[in-house]
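Let's take a walk through this model together, starting from one small turn and working outwards. Keep the structure open beside you as you read.

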Amino acid sequence: MKRSFTVVVSAAIVAAFSASLSAQWALHPKPTVPKGRDGKPNLSAPAPRTADGKPDLSGIWMRTNRTEAPGSAPAGQPPLATFGNIGVGFKEGLPYRPLAVDLVKKRVGALDNPDALCLPQGPLEYHLDPQPREIIQLPQKIVIVYESNYGIRTIYTDGRALPKQGEPQPYWHGYSVGRWDGDTLVVTSNNFRGAVTGLPGDGWLDGKGDPFTDALTLTERFRRVNFGQLNIDVTIDDPKAYTRPFTVRVEQEIVADGSEMIEFICHENQKFLKLTGREN
Amino acid sequence: MKTRVLVVLGGLGLLLASRPIAAHHSFTAEFDAAKPIMLTGAVTKFEWTNPHAWIYIDAKDEKGAVSNWGFELAAASGLMRSGWTRLTLKAGDVVTIEGTRAKNGSNNANAQTVTLASTGKKLFAGANTQTQP
């Protein structure tokens with residue numbers, strides 16, 4: 001279900017802001033942010049590069065709130081996903097196998113959503129959460145810190161091969177290796193826990209509960225279009241849950257005002273289980 | 001009494017205002033959109049916490065009986081991005097809160113707006129529901 005308070009919310013936020021802002025909010029703008037003639041960050045400046053000439057994806061990123069009507073993605077471009085429903089852009093829906101159909105039915109109400117349980121977010125959830133994430137690009141690996149639920153992923157870019165499915169222990173975030181295809185970082189991940197464990201929170205791609213299994217191979221193509229924008233095309237290849245691979249796009253924008261990540265200890269005051277009647 | 005040091009950063013405010021406030025939990029699992037509620041009362045407790053901040057108020061029903069109500073807000077981190085701090089509310093502040101009742105019938109609700117009686121200032125409180133399924 002979707003409830004829109006956009007108008008009220010926008011008015012209230014603007015009202016709150018136009019008055020004052022606490023001095024607790026300390027901004028630390030980076031001197032490396034390119035500026036336009038007006039002195040403001042120039043988001044359409046070229047993407048920065050590391051010493052080895054690769055695009056530098058480092059920075060704090062927020063998802064954009066842009067959405068598309070189903071079926072309206074430009075030709076050759078994957079449809080935009082949303083946090084709630086990654087398949088929203090496909091007129092015909094996602095190519096579910098019966099296993100996926102059953103799981104989505106069982107998940108109505110979203111009680112076992114890992115995000116709601118303060119567990120690690122699923123692929124696409126961590127890309128699309130309204131809280132920011134920070135990409136830290138190092139010479140041999142890339143680390144992504146997701147503010148929501150304190151998620152951390154390591155993407156090895158030292159040339160190692162992806163392990164075989166089932167070799168390492170399965171991870172919430174899978175095992176990820178990255179390589180450059182021109183200016184696009186291609187990250188491939190496998191060895192996910194997946195929905196087959198039957199444990200709450202396992203195998204959720206989005207808030208609706210579109211599933212993935214331990215057969216998932218996840219491919220993410222990161223392209224920093226310019227200083228301000230990062231596109232991530234995510235391909236779900238999971239033959240146990242879907243009849244064919246499919247790809248969706250995530251758009252993110254750089255945080256250029258000098259604001260930073262904020263601590264988020266999810267279990268600090270967790271009342272979800274009580275409010276949903278699963279704990280006294 | 002206001003002891004906070006406030007800085008006016010209008011331009012920044014608008015910049016931040018364009019950002020979504022953090023949503024976290026499955027709204028529809030906990031709250032019933034068909035049961036709106038509006039209560040006025042004095043704050044008894046303000047929990048500046050994650051994954052959600054909570055405000056508790058003593059509110060009178062139509063018969064004059066006072067009961068304590070809990071209102072779920074966005075995450076503390078998200079509220080901070082929209083200008084709140086842990087000092088925005090304190091025990092004794094009178095507020096009017098509009099929100100949506102908990103499905104389980106308890107004295108809990110999800111807050112969408114919080115209005116301070118002393119100033120009439122309306123503060124956004126809730127999750128960005130666009131992120132929900």
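## A hairpin to start from

In this predicted model, S6(A) and S7(A) form a hairpin with two residues between them. One residue to look at in the turn is Gly182(A), whose phi is positive, at about 65°. The two strands, S6(A) with residues 175–181 and S7(A) with residues 184–190, pair in the antiparallel sense over seven bridges. For a pair you can pick out on screen, try Trp180(A), which has Leu185(A) in S7(A) as its bridge partner.

S7(A) is also joined to S8(A), residues 217–224, by five bridges, and these two strands run antiparallel. Here Ser189(A) has Leu218(A) in S8(A) as its bridge partner.

## From hairpin to barrel

How do the strands of chain A close up, and in what order? Nine strands form a barrel in the order S2-S3-S4-S5-S6-S7-S8-S9-S10, with mixed pairing. From one strand to the next, the twist averages 30°.

Another antiparallel pair in chain A is S3(A), residues 133–137, with S4(A), joined over five bridges. Within it, Ile135(A) is matched with Ile144(A) of S4(A) as its bridge partner.

## Two nonpolar cores

In soluble globular proteins, nonpolar side chains tend to be buried together. The largest nonpolar core here holds 40 residues, and the members that touch the most others are Ala81(A), Phe212(A), Val234(A) and Ile236(A). Elements of chain A giving two or more residues to this core include S2 (59–63), helix H3 (125–128), S4 (141–146), S9 (229–237) and S10 (246–254), along with S7 and S8. S9(A) gives the most, with four residues.

Which residues does Ile236(A) contact, leaving aside its neighbours within four places in sequence? They are Leu205(A), Phe212(A), Leu216(A), Leu218(A), Tyr242(A), Pro245(A) and Phe246(A). Leu218(A) is a residue you have already met, as the bridge partner of Ser189(A). There is also a second, separate core of 36 residues, which includes Leu275(A) as well as Ala75(B), Leu79(B) and Ala111(B).

## Chain A as a whole

Stepping back, chain A has four helices and ten strands. Along the sequence they follow the pattern α-β-β-α-α-β-β-β-β-β-β-β-β-α. The C-alpha trace spans about 55 × 45 × 40 Å along its principal axes. Its radius of gyration is 19 Å, which agrees with a compact globule, because a globule of 280 residues would have a value near 19 Å.

Of the 280 residues in chain A, 41% count as buried. Among its contacts with a separation of 6 or more, 57% are between residues 24 or more positions apart.

## Chain B, and how far to trust it

Chain B has three helices and seven strands, running β-α-α-β-β-β-α-β-β-β from the N terminus. Buried residues make up 47% of its 133 residues. Of its contacts between residues at least 6 apart in sequence, 59% join residues at least 24 apart.

How confident is the predictor about this chain, going by its mean pLDDT? The mean pLDDT of chain B is 79, and 74% of its residues reach 70 or more. Residues 1–22 of chain B have pLDDT below 50, and this stretch has 43 contacts in the model beyond near neighbours in sequence. Residues 128–133 of chain B are also below 50, with 28 contacts counted in that way. The model scores ipTM 0.81 and pTM 0.86.

Key
Residues numbered from 1 in each chain as written. Chains lettered and ligands numbered in written order. Predicted model: local features only at pLDDT ≥ 70, side-chain atom pairs only at ≥ 80, totals over all residues. pLDDT = per-residue confidence, 0-100. Contact = placed C-beta atoms within 7 Å. Buried ≥ 20, exposed ≤ 12 C-beta atoms within 10 Å, placed from the backbone. Pairing = 2+ DSSP bridges. Core = buried A, V, L, I, M, F, W, Y, C linked by C-beta atoms within 7 Å. Axes fitted to C-alpha atoms, helices over the stretch in contact; angles between N-to-C directions. Rg over C-alpha atoms; globule rule 2.2 N^0.38 Å.
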